[in-house]
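Here are some notes to read alongside the structure. Please keep the sequence and the 3D view open while going through the points.

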Amino acid sequence: MGTSDKDGHIIVNSRYLNNGDRIDIYLDVIHELVHVKQFMEGKELFDSRYDYVERPTEIEAYRYAVEEARNLGLDDERICDYLKTEWMSSDDLKRLAKKLGVKCNTS
Ligand SMILES: [Zn+2]
């Protein structure tokens with residue numbers, strides 16, 4: 001799932017929407033809606049001066065998603081699972097989790 005920095009639309013892979021975990025999809029929607037809001041405020045969504053896991057727009061979007069995950073009663077392990085993506089290194093995951101105050105047991 002992603003947000004276009006051209007027109008602020010949310011882009012979703014239909015296979016993910018049909019087969020993905022419902023909680024993951026829900027949290028992704030929250031994450032992307034934060035980007036839509038940022039886009040409408042004129043913020044630069046993909047500021048390449050920052051690494052993905054350090055980018056202020058990403059941290060803000062993840063903060064809202066993690067807050068909602070906690071409201072749903074998810075524990076740190078499950079939230080960590082959500083944060084983990086196939087293209088993120090375990091070091092990046094650690095940095096992101098630390099910024100968000102989520103405890104990840106990565107080895
Ligand atoms: Zn994002």
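1. A nonpolar core is a set of buried Ala, Val, Leu, Ile, Met, Phe, Trp, Tyr and Cys residues joined through side-chain atoms within 4.5 Å. The model discussed here is a predicted one. Its largest nonpolar core has 19 residues, and Ile79, Leu83, Leu96, Leu100 and Val102 are those with the most contacts inside it. Two or more residues each come from helix 3, helix 4 and helix 5. Helix 3 gives the largest share, five residues.

2. Leucine 83 is a useful residue to look up in the 3D view. Residues up to four places away in sequence aside, leucine 83 touches Tyr62, Val66, Met88, Leu93, Leu96, Ala97, Leu100 and Val102. Among these partners, Leu96, Leu100 and Val102 also belong to the residues with the most contacts inside the core.

3. How many disulfides does the structure hold? There is one, and it joins cysteine 80 to cysteine 104, with an S to S distance of 1.6 Å. A disulfide is a covalent bond between the sulfur atoms of two cysteines. The link of cysteine 80 and cysteine 104 is right-handed, with 135 degrees about the S-S bond. It connects distant parts of the chain: cysteine 80 lies in helix 4 and cysteine 104 in the segment after helix 5, 24 residues apart.

4. Are the two cysteines buried or exposed? Buried means under 20% relative accessible area. Cysteine 80 has a relative accessible area of 6%, so it is buried. Cysteine 104 is at 17% relative accessibility and therefore counts as buried too.

5. Next, the metal site. The zinc ion is coordinated by His31 (NE2), His35 (NE2) and two OE donors of Glu58, at 2.0 to 2.8 Å. The angles among the four donor atoms run from 51 to 146 degrees, and the site is irregular. Four donors count as tetrahedral if all angles lie between 85 and 135 degrees, and the range of 51 to 146 degrees at the zinc ion does not fit those limits, which means that this label is ruled out. Along the sequence, the donor residues follow the spacing H-x3-H-x22-E. Histidine 35 in helix 2 (residues 22-40) and glutamate 58 in helix 3 (residues 56-71) are 23 residues apart, and this pair links distant parts of the chain. Both histidine 35 and glutamate 58 are buried.

6. The structure holds two aromatic pairs. Tyrosine 52 and tyrosine 62 form an edge-to-face pair, 6.2 Å centre to centre with 90 degrees between the planes. Tyrosine 52 is in the loop between helix 2 and helix 3, and tyrosine 62 is in helix 3, 10 residues apart. Tyrosine 52 is partly exposed, with a relative accessible area of 24%, whereas tyrosine 62 is buried at 6%.

7. Tyrosine 52 also pairs with tryptophan 87: the ring centres are 5.0 Å apart and the planes are at 80 degrees, so this pair is edge-to-face. Tryptophan 87 sits in the loop between helix 4 (76-83) and helix 5 (90-100), 35 residues from tyrosine 52. At 54% relative accessibility, tryptophan 87 counts as exposed. Ring pairs thus link Tyr52, Tyr62 and Trp87 into a cluster.

Definitions and conventions. Residues are numbered from 1 along each chain as its sequence is written. This is a predicted model: local features need pLDDT of at least 70, side-chain atom pairs count only at pLDDT 80 or more; totals for chains, interfaces and linings use all residues. Side-chain values use heavy atoms; hydrogens and water are left out. Donors are N, O and S atoms within 2.8 Å of the metal (3.2 Å for Na, K and Ca); water is not among the atoms, so sites may look incomplete. Four donors count as tetrahedral if all angles lie between 85 and 135 degrees; four count as square planar and six as octahedral if opposite donors are over 155 degrees apart and all others between 65 and 115; anything else is irregular. Helices (H or I, at least four residues) and strands (E, at least two) are DSSP runs, numbered from the N terminus. Buried means under 20% relative accessible area, exposed over 50%, partly exposed in between (1.4 Å probe, protein chains only). Rings of Phe, Tyr and Trp (its six-membered ring) pair if their centres lie within 6.5 Å; planes under 30 degrees apart count as stacked, over 60 as edge-to-face and the rest as tilted. Contact means heavy atoms within 4.5 Å. A disulfide is a pair of cysteine sulfur atoms within 2.5 Å.
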